[in-house]
Amino acid sequence: MLKVVGGFFAGIVVVMLLVYNFAGSLMFREIPSPFGVEETVARIQQNIQNAGNGWALSGLRNAAKPIEMDGGNVLPVLMIEACSTRYSGPILKEDSLRFLSNLMPCKISVYKKNDGKTYIGMMNAELIGSLFGSMVGGIMKKVSADQAKFIVFDASKPAPAMIKGTPGAASGGSGAAADGGC
Amino acid sequence: MLFRLKNILPIVAAGALMAAPAAFAAPAKPDAVTAPQLETIVKQKDATTADHSKFKELQRNFKTGPEVTQACLTCHTEAAKQVQHTKHWTWESLDPKTGQMRGKKNIINNYCTSPISNEKDCMACHAGYGWKDNSFDFTVQKNVDCLICHDTTGTYRKLPGYAGHPVYKRVEFPPKSGKFVEPADLKKVAQNIGLPSRSNCGSCHFFGAGANGAKHGDLDSSLQHPGKYLDVHMNEKGLNFTCVTCHATTGHVVSGSRYNVAAAVRGPAHIRGKKDESPAACQSCHSDKPHHESLLNQHTDKLACQTCHIPQYARDGIGTEASWDWSQATVMGPDGKPTASKDSAGRRKFDTKKGTWEWDSYVIPEYRWYNGVSTYKVIGDKIDPTKTVQINEVGGSPNDPDSRIWPTKVHRGKQPYDKVNNYLTVQHTAGEDATALWHNFDWKKAIGTGMKAAGLKFSGEYGFVDTEMTWPITHMVAPKHDALSCAQCHSKHGRLEGIEGVYLPSRDGSKWLDMAGWTLVLLSLIGVLVHGTLRIYTSKNKGH
């Protein structure tokens with residue numbers, strides 16, 4: 001009996017350790033980009049604009065800028081903000097789920113690392129959505145499918161111009177106007 | 001268990017998601033960029049003992065630049081002669097170590113290639129007036145341009161196409177752009193001169209190769225109003241150095257040049273203003289033992305200061321050119337007409353006149369041993385077109401006591417060469433005449449004219465060869481807390497992965513020594529286990 005209970009608890013510890021170790025990499029994904037930072041951003045922005053399903057750009061933030069203003073240096077980090085009212089609407093209507101507005105708008109970050117290469121960082125929307133019940137899980141599954149299309153690049157097409165700030169808004173960031181996303 | 005996990009994970013996930021933006025949400029300080037440079041100029045004017053606006057010689061309405069120079073020379077009698085001995089005037093530079101004559105006049109680089117036969121355009125960055133072809137007289141003093149370096153009004157501007165003269169009447173520039181450049185008020189400019197500011201030097205050195213930041217990588221217009229992050233010395237709200245603070249001049253000779261780099265300066269710090277062979281070197285102020293930690297000081301006999309303290313160059317959105325492919329020049333757009341396009345960041349990407357470019361920003365330097373001596377390919381030097389041609393061979397080795405590991409920008413190019421004579425070609429690009437590449441888009445004619453002006457034979461057959469040009473990086477010094485960390489070099493795939501001839505702990509090691517060490521560890525572990533087991537076994541036996 002002692003062996004069974006001991007084995008059970010040992011199993012729990014092992015599972016907890018595995019979750020602790022891998023949860024981060026399961027919740028977020030990092031993909032190398034074949035392009036530079038600006039071109040990667042521009043191509044993702046173009047893909048978002050062409051994605052349909054109510055997707056719109058909400059803004060473009062430069063997370064490195066405040067650090068530079070404080071006299072420090074970090075490699076470039078640009079965060080593309082995008083939102084689809086088709087997906088955000090049902091979640092925001094539910095009082096019990098409105099706290100999930102923390103996840104809005106969706107962010108895709110594009111950054112450079114010390115190896116000189118550009119990477120794309122994004123949330124695993126499907127996995128995280130599945131933690132909040134079937135309704136959110138279902139929506140986030142669709143979000144995840146759309147997000148996968150955002151990072152499909154056609155190198156044969158010319159690089160579009162990067163869209164700075166927020167389309168339709170007077171200033172940058174997600175303080176957007178009506179057509180600036182969610 | 002699963003129930004608990006389901007409860008815990010959302011909390012962890014939500015916490016992480018909320019914390020992540022908070023980490024980036026450090027409130028930005030308000031952008032209080034006033035005009036410190038203007039303040040500097042005002043202070044400079046307050047400090048000077050001569051108010052040039054009161055000088056009788058400067059009360060005239062000058063029609064041309066040379067007229068202003070003649071007025072300057074009435075008091076500054078030796079100034080023009082001094083300038084005429086500098087490379088800002090001659091566009092030549094003698095290497096005292098190798099005897100090689102270099103400079104823009106003699107080398108073919110892999111940006112715009114050569115000013116020969118293109119003088120009318122290129123001389124927008126010559127400190128003189130009227131150099132439009134080989135007939136230019138380098139002894140005429142009135143042709144020295146004082147204002148390009150000493151104007152403090154910011155209104156004096158020289159455009160390509162005027163052989164170094166400013167415009168004397170309103171012109172549309174670029175042509176057919178709808179933008180106009182007004183002529184400078186030469187009287188006002190002459191009455192408001194001062195020491196060179198960052199803008200004066202930057203008007204050429206920030207825009208070399210025809211675009212902001214294109215050439216050097218560590219020099220672009222972001223240095224006109226730099227923040228601390230970009231350059232601790234030039235920080236507009238801090239030390240506010242101008243270029244000439246380090247590049248101190250004597251008799252108009254500007255110290256510190258990439259042609260003659262002081263790559264390994266030794267000894268204590270010098271007092272500023274004291275006669276010094278290399279006042280532009282870091283060690284002139286900081287000595288060769290600048291750190292509090294002696295361990296860091298031990299690095300200075302192998303590493304240039306710049307290696308750790310300039311972790312990336314082009315640290316702004318302007319970026320720098322990584323490559324220039326001339327072989328794509330003359331390619332027309334779909335409608336058969338010349339065309340041009342920009343990259344995602346708005347920088348030039350393609351132009352029928354010039355080919356294609358690739359840009360990068362926040363660039364990780366390429367590191368190499370460097371002793372300050374670069375041997376250049378000069379006009380007429382033979383090349384091996386089967387290999388990448390090195391426009392400049394960077395000297396130095398791990399065994400050379402004057403060598404240090406330096407950060408460099410390597411600019412890759414593809415440029416024309418004579419397929420029979422095997423040398424890089426000079427091409428006539430700028431101009432409106434029948435052989436100018438940018439007018440007729442005919443490489444053969446353009447090379448023919450360029451080579452004739454350079455005094456070289458052209459076989460009539462040309463091809464394109466890969467080239468590299470190496471630039472030591474020395475500006476954009478980051479704050480000390482942003483210097484490279486130990487692990488960025490001391491690791492298997494760190495910054496100095498490709499540097500040979502030096503033992504680098506954590507990067508280098510002996511396979512056999514490592515194996516012996518791990519064997520010892522393993523044997524020790526086995527020993528402990530055996531010993532422990534025996535102790536348990538014997539104690540149990542004693543119990544019985």
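**A five-stranded sheet and its surroundings**

In chain A of this predicted model, five strands form an open sheet in the order β1-β5-β4-β3-β2, with antiparallel pairing; strands here are DSSP runs of E of at least two residues and helices runs of H or I of at least four, numbered from the N terminus, and two strands pair if DSSP finds at least two bridges between them. Because β1 (28-33) and β2 (55-62) of chain A stand at the edges with a single partner strand each, one side of each has no neighbour in the sheet. Residues are numbered from 1 along each chain as its sequence is written, and chains are lettered from A in the order in which they are written. Local features need pLDDT of at least 70, side-chain atom pairs count only at pLDDT 80 or more, and totals for chains, interfaces and linings use all residues.

Within the sheet, β3 (residues 77-84) and β4 (residues 106-112) of chain A run antiparallel and are joined by six bridges, and A:Ile80 stands opposite A:Ile108 in β4(A).

Both of these isoleucines belong to the largest nonpolar core, which has 45 residues, and they are among those with the most contacts inside it, as is A:Val41. Such a core is a set of buried Ala, Val, Leu, Ile, Met, Phe, Trp, Tyr and Cys residues joined through C-beta atoms within 7 Å, where buried means that 20 or more other C-beta atoms lie within 10 Å of a residue's own, with C-beta atoms placed from the backbone. Leaving aside neighbours within four places in sequence, A:Val41 is in contact (C-beta atoms, placed from the backbone, within 7 Å) with residues including A:Leu78, A:Ile80 and B:Ser344.

Note on methods:
A residue is buried if 20 or more other C-beta atoms lie within 10 Å of its own, exposed if 12 or fewer, and partly exposed in between; C-beta atoms are placed from the backbone. Two residues are in contact if their C-beta atoms, placed from the backbone, lie within 7 Å.
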